[in-house]
Amino acid sequence: MKIKMSDKAFPYLMCLPAIILFTVVILASFIQGIWTSFFSWDGMGDMKWLGVKNYYFAITDSIFWNSIKNTVFYAFFVTVMKNIIGLGLALLLAKDIAGRSLFRVATYMPVTFSYVVVGLLWSWIYNPTFGLLNAFLNGIGANWAIRGWLSDPGIALYSVMMVDVWKWIGFHIVLYLAAIQGIPKDLYEAAEIDGANKRRCFWHITLPQLNSALVINVLLSLTGAFTSNYDVVKVMTNGGPFRSTEVALTYITSTAFKFSAFGKANAMTVILFFFVFIFGFLQVRMMTKDENYG
Amino acid sequence: MNIKSSKNISKIIIYIILLVVLIITVYPVIWMILGSLKSTSEFYINIWGIPSEPQWENYANAWNMAGIGQKYINSVFVLLLFLVITIPVNNCAAYVLARLDFKGKKAIYTYLLTGLMIPGAVLAIPIFTVVLRLGLVNSLWGLVLVYAAQAISFGTFILRAFYISLPKSLEEAAKIDGCGQFGSFVRVIMPLTIPGITTQIIFNGLTVWNEYFIASLVIRTPEKQTLPIGLSMFINQYGVNYPDMFAALVCVTLPMIIIYLLGQKTFIKGLSAGAVKG
């Protein structure tokens, strides 16, 4: 005999696995994070109630604030670079260019690499003795520009950030290119009849038409950079030299695992969470803006 | 005449810019492969060029010393188990959220979407705590559980868009053919969303394949390491030769590069889907 699923229960049963899994891991970890932030806890033994002391420790910890500063700077710098370079190259590619698809395929390749691979590869490119970058500068006679790209605290963070930019450029080119190619041609034709020049066309047609692509690209790179910085920094510099590349997530992780202070680590997680949440919220609003819930 | 030649010059400039960008993207990868074939002494002298005599044994060294075979098995296991869980779970939820009417639908959808606002890595330490409480530290199953949970929000979101785009009359036709609700979903509707499922496999699959942060917290012993952690551990070991390190890196990336080049259209489409919605 065929067991007939009740029509009423059917949609709920279908959602149930997703809801359970999401609750057990994501929601539980969220609650767990907030809860343990009020305790002194080494991650293993007994928990001791501390109230808001962990937040006090976090807020008064200058290394933490420095790491938050680096995180925010990282996110904004990387976002600006990715979008300016990505949009710029997409505009060039939108012209009648031979080899466009070759270019697209090649620049997209690093998108598929893990940050570990990309980070290792670039830490060797930056290597002072056998690195490609200094060898290149030496080769073109620009010896004055040679430096310890990852050992100089003044530039290490920039070196790390450029690796993130390198990895994602292809991704943004593809998104911008699709948006540019989606602009109706007759807009330009009409503008040409009205006697508008190239520059005016760009500012008055191309850019406004790319508005939503711009917003989504910026938000994607912002939320991405807020978290991806852990992998790159961990692999390339581990926060050094002299904490010049320390970001919030590397500091939180070493607080938890090296200093066994899970309570304080989670208090810092909660603080970081609010920074990231603002941008994540905007991104979801943007992605679901023209969606009807039905 | 004048306009034409200035047009040509600007074209040349464009090509030069694109060529430079192309070299900056591709040459590091080629350099990695060249470096993996050099001898230790040549490595420091011949930085740019082609190895004078390819040292294939670098690969054997790297493969054995880093235990890359085991790490591949672990990574493939995690990826497959992840897909086996994530595809049905997300499809079932996305389907009913897209095509059926029921009480609390909006609330469920909104609840599942909140995950999009919380990038997984931010919660890494609390997630580790949950894994610890579940007794799943140093278990690949625990890792998969986390990955599957993290994939729900995006997966449901993308797949729902696919299910919505299908014509309304499908369920009725299936009903006439005598299919039950679940039967019509599995036999008639799901096969039509293969492009959506492919998108999901590429996007989430790649994320899982490359994941480092949470894996590095959850996995505690070398024999359970996935490729990203295994690789970073191997490189940080004391006294490993650079050419061997390069060879290890190539062992991990080359298969990926080949798969990407074979399916580049699907890859680019699948990975961009998050932004342009399906």
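I began with the meeting of two helices in this predicted model, and I found that Phe262(A), Ala265(A), Asn266(A) and Thr269(A) in H12(A) meet Ile125(B), Pro126(B) and Thr129(B) in H6(B). Looking up the geometry, I noted that the axes of H12(A), residues 262–287, and H6(B), residues 124–133, come within 9 Å and cross at roughly 130°. I looked up how such a crossing is classed: angles of 65 to 115 degrees count as roughly perpendicular and those over 145 as roughly antiparallel, and H12(A) and H6(B) are therefore oblique to each other.

Next I turned to H7 of chain A, which runs over residues 156–181. At 1.5 Å a residue, its 26 residues should span 38 Å, and I noted that the end C-alpha atoms are 38 Å apart, which agrees. I also recorded a bend of about 45° in H7(A) at Trp168(A). As for its surroundings, H7(A) is mostly covered, with 21 of its 26 residues buried.

I then checked H10 of chain B, residues 194–210, in the same way, and found that its 17 residues reach 24 Å from the first C-alpha to the last, close to the 24 Å expected at 1.5 Å a residue. Which residues of H10(B) are buried? I listed Gly196(B), Thr199(B), Gln200(B), Phe203(B), Asn204(B), Leu206(B), Val208(B) and Asn210(B).

Last, I looked at how chain B is divided, and its domain assignment gives domain 1 as 2–60 and domain 2 as 67–237. Taken over C-alpha atoms, the centres of domain 1 and domain 2 of chain B are separated by 38 Å.

Conventions: Residues numbered from 1 in each chain as written. Chains lettered and ligands numbered in written order. Predicted model: local features only at pLDDT ≥ 70, side-chain atom pairs only at ≥ 80, totals over all residues. Helix = DSSP H or I, 4+ residues; strand = E, 2+ residues; numbered from the N terminus. Expected span 1.5 Å × (residues − 1). Bend = angle between axes of the 7 residues up to and from the residue. Buried ≥ 20, exposed ≤ 12 C-beta atoms within 10 Å, placed from the backbone. Domains from an automatic or database assignment. Axes fitted to C-alpha atoms, helices over the stretch in contact; angles between N-to-C directions. Parallel < 35°, antiparallel > 145°, perpendicular 65-115°, else oblique. Contact = placed C-beta atoms within 7 Å.
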